[in-house]
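Reader: Hi! I'm new to this one and would love a friendly tour. Could you show it to me?

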Amino acid sequence: MEQYFDTLRKCPLFCGIADAELSAMLACLGARITRFDKGDFIIAEGEAARYVGVVLSGAVHIVRVDYFGNRSIIEGVGPSGLFGESFACAGISAIPISAVAAEPARVMLIDCLKITCSCSNACEFHQRMIYNLLRVVAEKNLAFHQKIEITSKRTTRDKLLAYLLLQAKKAGRDSFEIPYNRQELADYLGVERSGLSVEIGKLRRQGVISADRKQFSFLKNVNDSF
């Protein structure tokens with residue numbers, strides 16, 4: 001697992017864990033690494049909420065499918081990112097979402113109980129990991145509220161601009177790359193792809209943004225665009 005240590009160091013779950021402890025810690029946790037092809041289910045809706053996933057390479061989408069088969073992307077997770085932690089900590093019997101490989105990916109899966117329950121060896125890192133896990137859950141809760149703020153906008157245009165402004169703020173510049181293609185962005189915003197494409201086209205013609213695949217730039221102040 002040493003080849004993934006650089007990625008694990010950036011993962012918030014392992015914050016404050018010394019490199020010398022990583023190998024022993026992962027063995028104690030029973031961590032296992034699995035490769036998934038694009039479209040593979042890593043965790044399927046209805047399964048027991050048991051595992052915390054760490055993306056080592058590639059990308060994972062957390063998705064929800066409603067009764068009519070409409071797909072919504074809740075979150076995109078890249079290398080060093082976590083998924084499944086909130087549901088695993090809650091200990092629910094059936095997870096209400098699915099984790100799907102958005103591209104070929106390698107994922108580390110850890111049984112949440114092995115993080116939250118001290119082992120017979122009384123490993124010192126358990127308390128640190130519990131603290132890290134609580135912090136991740138809190139940060140994910142804040143991100144969830146940000147998404148609610150975006151998707152609660154009334155029009156596709158407002159949702160799109162709210163999302164792009166948030167991405168620009170995260171990047172700290174007017175030009176930035178988003179993690180989704182057009183269909184995935186539509187699924188994240190909860191809108192039709194055709195309507196999303198129309199609004200992107202309008203904003204480009206109005207000189208508000210430039211857009212090329214996943215790359216976007218704000219060309220002028222958008223306060224009047226809402």
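Author: Happy to! Let's begin with strand 3, residues 51-57, which is mostly covered: 5 of its 7 residues are buried. Keep in mind that this is a predicted model.

Reader: Okay, strand 3. How many bridges does strand 3 share with strand 8?

Author: There are 6 bridges, and the two strands pair in the antiparallel sense. As a landmark, S57 stands opposite R106 in strand 8.

Reader: And how many bridges join strand 3 to strand 6?

Author: Strand 3 and strand 6, residues 82-83, are joined by 2 bridges and run antiparallel. Look for G53, which stands opposite F83 in strand 6.

Reader: What order do the strands of that open sheet of 4 come in?

Author: The order is 1-8-3-6, with antiparallel pairing. Strand 1 (32-36) and strand 6 are the edge strands, each pairing on one side only.

Reader: Nice. Let's switch to helices. Which residues of helix 2 are buried?

Author: In helix 2 the buried ones are L22, M25, L26 and L29. Viewed down the axis of helix 2, they fall within an arc of 100 degrees, so they line one face of the helix.

Reader: What about the other side of helix 2, buried or exposed?

Author: A20, A24 and A27 are exposed there.

Reader: So what do the buried residues of helix 2 pack against?

Author: Their neighbours are helix 1 (5-9), strand 8 (105-111), helix 4 (112-116) and helix 5. Strand 8 thus turns up again here, having already appeared as a partner of strand 3.

Reader: Tell me about helix 5. At what angle do helix 2 and helix 5 pack?

Author: Helix 2 (residues 19-29) and helix 5 (residues 125-151) pack at about 80 degrees, and their axes are 12 Å apart. An angle from 65 to 115 degrees counts as roughly perpendicular, so that is how helix 2 and helix 5 are described.

Reader: Which residues meet there, between helix 2 and helix 5?

Author: M25, C28 and L29 come from helix 2, and they meet F125, H126 and M129 of helix 5. By type, the residues of this contact are 5 nonpolar, 1 polar and no charged. M25 and L29 are also among the buried residues of helix 2.

Reader: What follows helix 2?

Author: That would be G30, with a positive phi near 70 degrees.

Reader: And on the way into helix 2, what is found in the loop between helix 1 and helix 2?

Author: G16 is found in that loop.

Reader: Is G16 buried or exposed?

Author: G16 counts as exposed, because its relative accessibility is 63% and the cut-off for exposed is over 50%. G16 also has a partner far along the chain: G16 and N132 are 116 residues apart in sequence, with their C-alpha atoms 8.8 Å apart in space.

Reader: New topic! What order do the strands of the open sheet of 3 come in?

Author: That sheet runs 9-11-10, with antiparallel pairing. Strand 9 (175-177) and strand 10 (209-212) are at the edges with a single partner strand each, so one side of each is left without a neighbour in the sheet. From one strand to the next, the twist averages 15 degrees.

Reader: How many bridges join strand 10 to strand 11?

Author: Strand 10 and strand 11, residues 215-218, are joined by 4 bridges and run antiparallel. For one pair to find, I209 has F218 as its bridge partner in strand 11.

Reader: Which strands does helix 6 touch on that sheet?

Author: Helix 6 touches strand 9, strand 10 and strand 11, and its direction makes about 90 degrees with that of strand 11. Helix 8 (residues 193-205) packs on the sheet too, touching strand 10 and strand 11, with its direction at about 130 degrees to that of strand 10.

Reader: Last one: at what angle do helix 6 and helix 7 cross?

Author: The axes of helix 6 (residues 156-171) and helix 7 (residues 182-189) cross at roughly 105 degrees and come within 11 Å. That makes helix 6 roughly perpendicular to helix 7. K159, L160 and Y163 of helix 6 make the contact with L185, Y188 and L189 of helix 7. These residues divide into 5 nonpolar, no polar and 1 charged.

Definitions and conventions:
Residues are numbered from 1 along each chain as its sequence is written. This is a predicted model: local features need pLDDT of at least 70, side-chain atom pairs count only at pLDDT 80 or more; totals for chains, interfaces and linings use all residues. Side-chain values use heavy atoms; hydrogens and water are left out. Axes are lines fitted to C-alpha atoms, for helices over the stretch in contact, and angles run from 0 to 180 degrees between N-to-C directions. Angles under 35 degrees count as roughly parallel, over 145 as roughly antiparallel, 65 to 115 as roughly perpendicular and the rest as oblique. Contact means heavy atoms within 4.5 Å. Ala, Val, Leu, Ile, Met, Phe, Trp, Tyr, Cys and Pro count as nonpolar, Asp, Glu, Lys and Arg as charged, and the others, Gly among them, as polar. Buried means under 20% relative accessible area, exposed over 50%, partly exposed in between (1.4 Å probe, protein chains only). The arc is that of the directions from the helix axis to the C-beta atoms. Two strands pair if DSSP finds at least two bridges between them.
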